[in-house]
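Here is my note on the model you sent round. The points run from confidence to the ligand site and then to a pair of strands.

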Amino acid sequence: MNTGSKDRDWAAYYAKTGDRPPRDTLVFALDRFDAAPGGTPRLAVDLGAGSGRDVIEMLRRGWRVLAIDAEPDAIDFLKARPDLPPEADLSGMVSRFEDADWPECDLVNSSFALPLCTPAEFERVWRRIETSLRPGGRFAGQLYGDRDSWAGREGITFHTRADIEALLAGFEIERLEEEEDDSVTPRGEAKHWHVFHIVARVRLSDV
Ligand SMILES: C[S@@+](CC[C@H](N)C(=O)[O-])C[C@H]1O[C@@H](n2cnc3c(N)ncnc32)[C@H](O)[C@@H]1O
């Protein structure tokens, strides 16, 4: 499992993880979209895109992608990737997701990144995600559970199972897996992981 804290060396993380395959939650979500009506490419927003392991998969499948990351290194790394498809419709934005604005879209993907939002701002960012999704649009990504060994770290948001269910009340839950595991981070730090893996679709009747 790969993730990180707010103060990590992101450039080293990008170099280490950039060529890894896309996250299962992203692949699961992409597989559930029909062909876009009229052949118009669908738009995905990747919050905390990092080195772009998910972005590459979306582009490969013909999606338009807006990649948002607080680290300029992430967007630079992504735009310099040799495996970018030749006709890729990719935009990059250097911004905290707490400060970012993005257009209406079909998918908001945030793999191991959205918890790195301050608790005070999380609810507002989540509402922004909800309101930006088109009818039938999806959220895919991870949130951290309250039994994670990083729980309580400043600037990171953790949720109970009940919190997650409340956040997803306006969605049809397509995948919700709760994982607890003792392992090490890519930096060799022992850690108890408590992670919710989520794919959820905006309820058509609510939009
Ligand atoms: C653990 S990495 C995950 C990267 C990628 N999504 C993946 O699955 O490999 C988290 C990413 O979130 C970015 N990040 C952290 N806090 C952020 C924030 N508040 N706003 C935007 N990006 C943030 C970091 O710069 C980093 O690229």
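What pLDDT does the protein chain average, and what share of the residues score at least 70?

1. Confidence. This is a predicted model. The protein chain averages a pLDDT of 92. A score of at least 70 is reached by 95% of the residues. Residues 1-5 are another matter: there the pLDDT is below 50. In the model this stretch still has 28 contacts beyond near neighbours in sequence. Please read those contacts with the low score in mind.

2. Ligand shell. There are 21 residues around the ligand. Those that come nearest are Y14, G48, D69, F97 and E98. By class, the shell holds nine nonpolar, six polar and six charged residues. Helix α1, residues 10-17, gives the largest share of the shell, with three residues.

3. Polar contacts to the ligand. Three pairs deserve a look in the viewer, each with a nitrogen atom on the ligand side. E98 uses its side chain: a polar atom there lies 2.9 Å from a ligand nitrogen. S111 uses its backbone, with a polar atom 2.9 Å from a nitrogen of the ligand. A70 also uses its backbone, where an N or O atom sits 3.2 Å from a ligand nitrogen.

4. Burial of the ligand. How much of the ligand does the protein bury? Taken alone, the ligand exposes 590 Å². The protein buries 97% of that area.

5. Strands β7 and β8. Strand β7 covers residues 171-184, and strand β8 covers residues 190-202. They run antiparallel and are joined by 13 bridges. To find the register, start at L176, which stands opposite I198 in β8.

6. The turn. β7 and β8 form a hairpin, with five residues between them. Check G188 in this turn: its phi is positive, at about 85°.

Notes:
Residues numbered from 1 in each chain as written. Predicted model: local features only at pLDDT ≥ 70, side-chain atom pairs only at ≥ 80, totals over all residues. Heavy atoms only, no water. Near = heavy atom within 4 Å. Polar contact = N/O pair within 3.5 Å; in protein donor to acceptor, adjacent residues only side chain to side chain. Areas by Shrake-Rupley, 256 points an atom, 1.4 Å probe, with all protein chains shown as cover. Helix = DSSP H or I, 4+ residues; strand = E, 2+ residues; numbered from the N terminus. Nonpolar A, V, L, I, M, F, W, Y, C, P; charged D, E, K, R; others polar. Pairing = 2+ DSSP bridges. pLDDT = per-residue confidence, 0-100. Contact = heavy atoms within 4.5 Å.
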